[in-house]
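This report considers the fold, strand pairing, interior, surface and charged contacts of one protein chain. Please consult the sequence and coordinates shown here alongside the text.

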Amino acid sequence: LSEHCGASLLRLKGLVRLAEAPERPAVIHGVQHVFHPPVWLDHWPDGDRRTRMVLITKGVPAAWVEALM
């Protein structure tokens, strides 16, 4: 995502479920081209174990981001 959006990706935050460790979510955070290493939580904060992400962009169509994901 950062490769394709670059400076248009103002901020990304998320709680991500990965197949390698579905019982432990990864917290992700990035600003433009700078992404911090994921932080692994010991457990999910509630019963909802779906990936949740918030993106703040400038001029990037939501449909394009959804298709990329």
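## Surface and overall dimensions

About 4900 Å² of accessible surface is computed for the protein, and carbon and sulfur atoms contribute 57% of that area. The model is predicted. Along the principal axes, the C-alpha atoms occupy a box of roughly 35 × 25 × 20 Å. The chain has 69 residues, of which 20% count as buried.

One nonpolar patch on the surface is formed by L10, V54 and I56, with an area of about 250 Å². Within this patch, I56 belongs to strand β5, which covers residues 52-57. I56 is classed as partly exposed because its relative accessibility is 44%, a value that falls between the 20% limit for buried and the 50% limit for exposed residues.

## Secondary structure and strand pairing

The protein contains 2 helices and 5 strands. Read from the N terminus, the order of the elements is α-β-β-β-β-β-α. Among contacts with a separation of 6 or more, 48% link residues that are 24 or more positions apart.

Strand β1 has pairings with β5 and with β2. The β1 and β5 strands run antiparallel and are joined by 6 bridges. The pairing of β1 with β2 is likewise antiparallel, and it extends over 5 bridges. L15 takes part in both pairings: its bridge partner in β5 is R52, while in β2 its bridge partner is V27. As a general point, side chains in a regular strand alternate between the two faces of the sheet.

## Interior residues

Which residues make up the largest nonpolar core? This core consists of 5 residues, namely C5, L9, L12, V60 and V65. For L9, the contacts beyond four places in sequence include L1 and S2. Further along the chain, L9 also contacts V31, Q32 and F35, as well as L55, I56 and T57. L9 is thus a member of the largest nonpolar core that also touches I56, a residue of the nonpolar surface patch.

A26 lies in strand β2, which spans residues 26-31. Is A26 buried or exposed? A26 counts as buried because its relative accessibility is 2%, and the limit for that class is under 20%. Leaving out residues up to four places away in sequence, A26 touches G14, L15 and V16, together with P38, V39 and W40. The C-alpha atoms of A26 and V39 are 5.5 Å apart, although the two residues are separated by 13 positions along the chain.

## Salt bridges

In the whole structure, 4 salt bridges are found. One of them joins the side chains of D42 and R24, with an N to O distance of 4.0 Å. D42 is in the loop between β4 (39-40) and β5, and R24 is in the loop between β1 (9-16) and β2, so this pair ties together parts that are 18 residues apart in sequence. The two partners fall into separate accessibility classes: D42 is exposed because its relative accessibility is 65%, whereas R24 is partly exposed because its value is 30%.

R52 forms a salt bridge with D46, at an N to O distance of 3.0 Å, and another with D48, at 3.8 Å. The relative accessible area of R52 is 29%, so R52 is partly exposed. D46 is also partly exposed, at 40%, as is D48, at 24%. Through salt bridges with shared partners, D46, D48, R50 and R52 are joined into one network. R52, a member of this network, is also the bridge partner of L15 in β5.

## Backbone at Q32

Which residue has a positive phi although it is not a glycine? Q32 has this feature, with a phi of about 50°. In general, most residues other than glycine have a negative phi. Q32 is located in the loop between β2 and β3 (34-35). With a relative accessible area of 33%, Q32 is partly exposed. Q32 is also one of the residues in contact with L9.

How values were computed
Residues numbered from 1 in each chain as written. Predicted model: local features only at pLDDT ≥ 70, side-chain atom pairs only at ≥ 80, totals over all residues. Heavy atoms only, no water. Core = buried A, V, L, I, M, F, W, Y, C linked by side-chain atoms within 4.5 Å. Buried < 20%, exposed > 50% of the residue type's maximum accessible area, 1.4 Å probe, protein only. Contact = heavy atoms within 4.5 Å. Helix = DSSP H or I, 4+ residues; strand = E, 2+ residues; numbered from the N terminus. Patch = residues over 30% accessible without salt bridge, like charges linked within 9 Å, V, L, I, M, F, W, Y side chains within 5 Å. Areas by Shrake-Rupley, 256 points an atom, 1.4 Å probe, with all protein chains shown as cover. Pairing = 2+ DSSP bridges.
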